Protein chains: 2
Amino acid sequence: MNAGRTARERVRAELTREITDIARRQLAVDGAAGLSLRAVAREMGMVSSAIYRYFPSRDDLLTALIIDGYNTAGEAVERADAACPRSDYTGRWLAVCHAVRDWALARPHEYALLYGSPVPGYQAPMDTVTAAVRDTVVYGRILSEAHAAGALNPPGVCPPAPASFAGDAARVREVMPGVPDDVVARALVAWSGLFGWVSFELFGQFNAVVLDPATAFGHAMRCHAALLGLPAPAAPPHR
Amino acid sequence: MNAGRTARERVRAELTREITDIARRQLAVDGAAGLSLRAVAREMGMVSSAIYRYFPSRDDLLTALIIDGYNTAGEAVERADAACPRSDYTGRWLAVCHAVRDWALARPHEYALLYGSPVPGYQAPMDTVTAAVRDTVVYGRILSEAHAAGALNPPGVCPPAPASFAGDAARVREVMPGVPDDVVARALVAWSGLFGWVSFELFGQFNAVVLDPATAFGHAMRCHAALLGLPAPAAPPHR
DNA sequence: GTCCGTCAAGAGCAGTGCTCTCGTTTCTCT
DNA sequence: AGAGAAACGAGAGCACTGCTCTTGACGGAC
């Protein structure tokens, strides 16, 4: 992001940014499969082979867009969480849920690129994972703090996690320190439930059935909050 | 499926089946984006233009594969449900969950085609919806029967559904007769949670974190069963 | 037995990702 | 400051895609 020393480096950074910008616009219109290096080049008044000076392949351009997408989503989630009172754990969870959904509704194709079918033959490089977990980190922190504050209700209806889950729980705990296995298990349920719902809504599984998805989504996420053991919201339901 | 009257009709049906078979094999290897009409034609010893006598466009071939996919998934779910004692509602739910997951793990690309990002520019024709809801119908019947038998526990931790959800609930009730709004809402949560989990597992969101997905999945689905109000399984946890 | 509809084949169009070469420009090192 | 190296844009070209159109042959119905 810093202005490069030489003029060449500055123009290179500028052109790289322009390529990704145009690519992101194309992605928003035609989806990942419709992203064409030649079309990007055409729109830039360049010849197609010149693009390869900046991105060695189409997949590399896609990777840049993916990392960018994870970052903007992560930022949105971080912002939503930061806007809530620290001790309103339920409100923070609901804010994260709405941030994810709003972000997805605003850029359906980008969401599909991140959380839909992986593009065939494409292997996500390691660079993506650090960006990919930004929202997960926020989520983990909420649960971690809620647990530490003793704000999490006992499991309630949920059965206890099997002993063989301990290994996976330990790995998840890296973003959710101090949380017992049972809560980790419920956390995975709620997290996959959030994205499962958004995917259903975006990919058309709710078509002609759920006509007021905003209402249903809010309620569904409050159900997940209850399953997580988060306290019932004191104020009238968020949104 | 009936043997057509004329020889021409029979050979046409035969060739159509061969095309979809080869296409499904290609789909399993390269994914939806890698499905090529020309490659199918090549494998059949045909010229590419001849395929268009049978499928007017690539999208139509894809549609045939999608409908086929929904049907095999629906059948698997129906079979799994039918194998359980009628009154073991929790067992039937868990059987449906495992049927969905097993089907998806066996054909990841086909699952991605059905429940992942919709292929860009592709609009699912109405023919698909009847096939698409086969599994949902089974799911609805389980909850409907469980509710009719009085086997569903009260909402427990879940907050009551908002009044504005009534319209959507009525539409969902078409596959879930007699079930009150609260249960309908929880049903949507569990259903999207099931597919959200499978998508996370298949699309790599659990990579390097959940290493024993089978165990975690079983527990997650038992959590959903509890949220649905299904009775705790009497026998040791299914699978 | 004719005749119309169906069929496979082939050429061709517009588009794609990607590679290679060829001058030119720009930076860097002496 | 000048020589060598690195980066760059342009262009041609390869192999591939979906799809269209035309041509000629075959098969079933009247």
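How are helix 4 of chain B and helix 6 of chain B oriented to each other? I shall begin there, and I note at the outset that this is a predicted model.

The axes of helix 4 and helix 6 of chain B, the latter spanning residues 108-115, come within 10 Å and cross at roughly 100 degrees. The two helices are therefore roughly perpendicular to each other. On the side of helix 4 of chain B, the residues that meet helix 6 are Leu62(B), Leu65(B), Ile66(B), Gly69(B) and Tyr70(B). Their partners in helix 6 of chain B are Glu110(B), Leu113(B), Leu114(B) and Tyr115(B). By class, this contact has 7 nonpolar residues, 1 polar and 1 charged.

Helix 4 of chain B, residues 58-82, also packs with helix 8 of chain B, residues 134-148; here the axes come within 7 Å and cross at roughly 25 degrees. That angle makes helix 4 of chain B roughly parallel to helix 8 of chain B. Helix 4 of chain B contributes Asn71(B), Gly74(B), Glu75(B), Val77(B), Glu78(B) and Asp81(B) to the contact, while helix 8 of chain B contributes Arg134(B), Asp135(B), Val138(B) and Ile142(B). The composition of this contact is 3 nonpolar, 2 polar and 5 charged residues.

I turn now to the relation between the two protein chains. Chain A is superposed on chain B by a rotation of 180 degrees, with 0.0 Å of shift along the axis and an RMSD of 0.0 Å. That is the relation of a two-fold axis. Which residue of chain A comes closest to the rotation axis? Gly196(A) does, with its C-alpha at 1.7 Å. Both copies use the same surface, in that 100% of the contact residues of chain A recur in chain B.

Next, the DNA, starting with strand C. There are 24 residues around DNA strand C, and those that come nearest are Leu37(A), Arg38(A), Arg42(A), Arg58(A) and Arg53(B). Both chains supply helices to this surface: helix 1 (7-30), helix 2 (37-44) and helix 3 (48-51) of chain A, with helix 1 (7-30) and helix 3 (48-51) of chain B, each give at least two residues. The surface near DNA strand C comprises 9 nonpolar, 6 polar and 9 charged residues. Among the atoms of DNA strand C within 4 Å of the protein, 49% belong to sugar or phosphate, and the rest belong to bases.

Several phosphate contacts can be named. The side chain of Ser36(A) places an N or O atom 2.9 Å from a phosphate oxygen of DNA strand C. Leu37(A) has a backbone N or O atom 2.8 Å from a phosphate oxygen of that strand, and for Val47(B) the corresponding backbone distance is 3.2 Å.

For DNA strand D, 22 residues surround the strand, with Arg12(A), Arg53(A), Leu37(B), Arg38(B) and Arg42(B) the closest. Sugar and phosphate account for 47% of the atoms of DNA strand D that come within 4 Å of the protein. Two arginines reach bases: a polar side-chain atom of Arg38(B) lies 2.3 Å from a base nitrogen of DNA strand D, and an N or O atom in the side chain of Arg38(A) is 3.4 Å from a base oxygen. Arg42(B), by contrast, has a side-chain N or O atom 2.7 Å from a phosphate oxygen of DNA strand D. Helix 1 of chain A, together with helix 1, helix 2 (37-44) and helix 3 of chain B, give two or more residues to the surface near this strand. That surface divides into 8 nonpolar, 6 polar and 8 charged residues.

Definitions and conventions:
Residues are numbered from 1 along each chain as its sequence is written. Chains are lettered from A and ligands numbered from 1 in the order in which they are written. This is a predicted model: local features need pLDDT of at least 70, side-chain atom pairs count only at pLDDT 80 or more; totals for chains, interfaces and linings use all residues. Side-chain values use heavy atoms; hydrogens and water are left out. Axes are lines fitted to C-alpha atoms, for helices over the stretch in contact, and angles run from 0 to 180 degrees between N-to-C directions. Helices (H or I, at least four residues) and strands (E, at least two) are DSSP runs, numbered from the N terminus. Angles under 35 degrees count as roughly parallel, over 145 as roughly antiparallel, 65 to 115 as roughly perpendicular and the rest as oblique. Contact means heavy atoms within 4.5 Å. Ala, Val, Leu, Ile, Met, Phe, Trp, Tyr, Cys and Pro count as nonpolar, Asp, Glu, Lys and Arg as charged, and the others, Gly among them, as polar. Copies are superposed by least squares on the C-alpha atoms of residues with pLDDT of at least 70 in both. A residue is near a molecule or strand if one of its heavy atoms lies within 4 Å of it. A polar contact is a pair of N or O atoms within 3.5 Å; within protein, one must be able to donate a hydrogen and the other to accept it, and residues adjacent in sequence count only if both atoms are side-chain atoms.
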